[in-house]
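Hi everyone, thanks for making time this morning. Let me put the structure up on the screen and then talk you through it.

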Amino acid sequence: MTWEATVRAALAGTARQPPAGESDPERAVLAAAAALAVRRLAGWTPPRGPVPAAEACPPEELRAVSPAAAWRLEALLDGDRPELLPEWLELAAAGRQVVPPRLLPRLLVHAERHAPLRGAVLDVIGRRGRWLAGQVSAWAFAALGDLDQAFETGTRPARAAALRELRRQDPAAALRRLAEGWPAESGEDRAALIGCLQVGLGPGDEAFLEAAGADARKEVRQTALTLLARLPDSRLVGRMRARAAAMVGYRRGLLGGKLHVAPPRRCDPELVAGGVEPKPAPGVGERAWWLSQVLGMAPPGAWPVEAIEAAAATDWTATLLRGWAAGAARFQDARWAEALALFWSRTPEKARSELAFSPELLLSALDPPDRDAVLLRVLARSPADGAHLAARCDHRWGADVTRAVLQALPRLARPHADLAAAAARQVGLRGDPSLRAEADALAARTPDAPALDRAFAAAADTLHWRATMAEELAP
Amino acid sequence: MQWTIDQVVALAPDPAAARAGRDQADVRRWSALGRAEAAAWGECRGSAAQPYRTCLDTAEPAFGCSCPSRKLPCKHALGLFLILAGQPGTIAEAAPPHWVAEWLAKRAERARKSAGPAAPAPAPADPAAAAEEQARRARRRQGRVAAGVEELALWLADLVRNGLADLPGRPRQFWSQPAARMVDAQAPGLARLVGELAEVPHSGPAWPDRLLTRVGRLHLALEGYRRIETLPAPLRAELATVVGFTESREAVSARGERVAGRWLVLGRSIRQEERLRAQRTWLLEAATGRPAMVLDHAAQQQPLDPSLVPGTAMDAELAFYPAALPLRAVVVERGEALALADRFPAEPTAAAALRGYAAALAANPWLELAPLAVRGVLPCREDAAWSLADAEGARLPLANETGGLVLLAVSGGRPIDVFGEWDGLALTPLGAWADVAFSTIEAGP
């Protein structure tokens, strides 16, 4: 009997198909199985193929992270404090260190499932990681072996990743590459690629973006105009600044200034071409809608910050504030952001919903040092408001903000226990680890509410954890 | 040796314990830290009023802790070891406090006892009666096993008579019942072989081939056992092990074949069995390439022996269980753990490695997992199937994708040496030598 015949006989059963000429058919099948199984295992010869001609990875230029750091990465990937993974990646990249090869598959699988992390992951996988990603199609996002080739022939996400990387290296050259093939790109490709220009965005991109502002595809137009509006010296911003100045005028007076507000009567072609959306959001008047958009595309520095108080005396308070907040965010105007945040803090809590802007969004547009400065001012005015804003800021705080929040926490504990717990959590995640001794002292103070004590202790623990993580990744 | 974080983490009995240990690896939690030679100690603040006293001996390694945890090492011992490996500067040299000195003295005493001649067992009051009682018990067990073998032979014949085709639809009891019968018959080896058949009909395409291979192996054991008296002694010992007669560790230490040498610890795999976890640790002797496997069983929550750490080496004397293919061994005497600094012995080609497997199978036809070490192979993927390609182009299939990807990552596209478990069809990689270092490969699914 052959092995195959034995398997067939066993599958069918000897009751149905007894093998011919056997007095004990079951025993015959079992004996054949026993002998043939061993023979089959022992005699198995491996299949052969051409010797794989994989291109070996060039030697790594950067050093691998310390074993302790590698182990912490494993814990993060295992789901232990995953919210700190971005910080690990950032610290490793800042110290020009790479992940050891055996952990690369796990990190790449993680990046495959968490797209927002991919940029940071790319910075720490080194040559070995990019080489490895080139062998696995799901990891194409990380396989930037030859950027030019990836941009020419890659899949859409790979092309976008390659373009972003090319922009990082040389924005002008990358723009030329994009412009060369632009007319032949499909609408979907244009929509996927134009957003990459935000990497290394500069005045040199203006002409291209202006042309793309008239693209046949709406997403392309919108992205192009959004990017143009971020260039303070672009012709578009110049036009919007002039239009905004004509619509809102400020005159100083003895008892504070006065605003003259003249919203547009119609959404003329120049406004539309500049990216103003003609159709208002539900519940918003047309003229207010257009005005706030125009203000949002002009640098707010054209008006003194005292204009904020004056806005309260007009019929257009919410519209003006919304527009200026958008402008302050877009042009990262720290002075205006601070003035608006303090105005928000001075506004009684019940009336805040009518302000029509969110100080959190405003802050998140600023550079971290500017954010810290604004947070400190608000904390000094109102610990509760400051803690509220800090709890929603996910940049890494400087030592001053961390100390100020730690000092504010015990006073918040009674009236605002939930806020204090949320802020404590954020101290752990975003605070400066060099203040862990202060956090320990806070955690060790006389017990208050159990939930709050736990939150303070957890914050201190997390700060220690992050401090150790930073030591392990010290360059 | 200087322990690395990776090696310390490998001591953790499970990932949860590793995490818990990391939380304890925080100097703030500790007081009275100190170390002297290979020992380290400290007091750890826990949930109890008194701090836990934790100490460890890094030479072997061994652990002691006053906490109630049954894990070995417990999270405190692991945390202390991690501090020692990761931030050695935070633990200063000191004279051991009395409780550490006592623990060390007790360990030294135990080591002296086990190395010296075994203490004579207390003489029974009536040697003749005791011997007769023992013989009677052995005869009773042999009778039960023989009856169990006949019962299982009938069950196997029924299986083949009714055909394998409808096995995927059978309930779990179809398999667990005969397994339980074999436990009753005091043949735990047979019980495991039957019980493990249950998963095969759900293991994907070609399951009938895999099932019949196991059924054949089982039949061979039953047939062999019926005439075990006629077999040569080594094969008799092998078959007795398959059926479930095991020698005690003490007997093996006293009478087993002793092999001294530089033993390299190359891999560890843990298998869930009914109510038990079985940990296989694979070793190769550096000069001869002789393999050994140290088997350790533990109940679900009980600790597995952590003293053999993959990626380390030791000068040790092993005693092998009697067998046609001596593989299973116990560590009788050992020196301290050393870093694995050189390539491990391995076969030059896949064909040579498979010849070794065939020879092993010829000696022990019941061999389920064989150690396999092969030099200079490239991990490659063809049509979603992972394999290792040697210099001749031969492909050794890999058991899982995770292993393939990790091997590819550590190889960087250059040939590497791989060690793993070969089950006759595929290799589960456990360790690799790439560039200039050994990497432990996690046997993930």
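I'll go through the domains, the contacts between the chains, the core, and then two sheets of chain B.

A word on the ground rules: this is a predicted model, so local features need pLDDT of at least 70 and side-chain atom pairs count only at pLDDT 80 or more, while totals for chains, interfaces and linings use all residues. Residues are numbered from 1 along each chain as its sequence is written, and chains are lettered from A and ligands numbered from 1 in the order in which they are written.

Let's start with the domains, whose bounds come from an automatic or database domain assignment. Chain A is split into domain 1 (3-40), domain 2 (63-228), domain 3 (238-351) and domain 4 (367-475). Between the C-alpha centres of domain 1 and domain 3 of chain A there are 88 Å. For chain B, the assignment gives domain 1 (5-112), domain 2 (141-243), domain 3 (251-339) and domain 4 (350-440). Here the C-alpha centres of domain 1 and domain 2 of chain B are 45 Å apart.

Now, how many residues of chain A are in contact with chain B? There are 46 residues of chain A in contact with 51 residues of chain B, where contact means that the C-beta atoms, placed from the backbone, lie within 7 Å. On the chain A side, the elements giving two or more residues are α1 (3-12), α2 (25-43), α3 (67-77), α5 (104-113) and α7 (126-133). The largest share, 11 residues, comes from α2(A). For the element names, helices (H or I, at least four residues) and strands (E, at least two) are DSSP runs, numbered from the N terminus. By class, that side of chain A has 31 nonpolar, six polar and nine charged residues. In this count Ala, Val, Leu, Ile, Met, Phe, Trp, Tyr, Cys and Pro are nonpolar, Asp, Glu, Lys and Arg are charged, and the others, Gly among them, are polar.

Stay with α5(A) for a moment. Its buried residues are A:L104, A:P105, A:R106, A:L107, A:L108 and A:A111. Buried here means that 20 or more other C-beta atoms lie within 10 Å of the residue's own; exposed is 12 or fewer, partly exposed is in between, and C-beta atoms are placed from the backbone. These buried residues of α5(A) pack against α3, α6 (118-122) and α7 of chain A, together with α12 of chain B.

On to the core. The largest nonpolar core has 269 residues, and those with the most contacts inside it are A:V294, A:L340 and A:V405. The largest share of this core, nine residues, again belongs to α2(A). A nonpolar core is a set of buried Ala, Val, Leu, Ile, Met, Phe, Trp, Tyr and Cys residues joined through C-beta atoms within 7 Å. Leaving out residues up to four places away in sequence, A:V294 touches A:M240, A:R243, A:A244, A:M247, A:L271 and A:V276.

Over to chain B, and an open sheet of four strands in the order β1-β2-β3-β4, with antiparallel pairing. Why is one side of β1 and of β4 (62-65) left without a neighbour in the sheet? These strands of chain B stand at the edges, each with a single partner strand, so one side of each stays free of a neighbour in the sheet. Strands count as paired if DSSP finds at least two bridges between them.

In this sheet, β1 (30-36) and β2 (39-44) of chain B are joined by five bridges. They make a hairpin with two residues between them, and B:E37 in the turn has a positive phi of about 50 degrees. B:A36 sits opposite B:A39 in β2(B). On the other flank, β2(B) and β3 (52-57) of chain B pair over six bridges, with B:E43 opposite B:R53. Is β2(B) mostly covered or mostly open? It is mostly covered, with six of its six residues buried. B:A39, B:W41 and B:E43 point one way, and B:A40, B:G42 and B:C44 the other.The second sheet of chain B is open too, with six strands in the order β13-β12-β11-β14-β15-β16 and antiparallel pairing. Its strands β14 (416-422) and β15 (427-434) are joined by six bridges, and B:W422 stands opposite B:L427. Helix α12 (401-411) of chain B packs on this sheet, touching β11, β12, β14, β15 and β16 of chain B.

That's my tour, so over to you for questions.

Key:
Contact = placed C-beta atoms within 7 Å. Axes fitted to C-alpha atoms, helices over the stretch in contact; angles between N-to-C directions.
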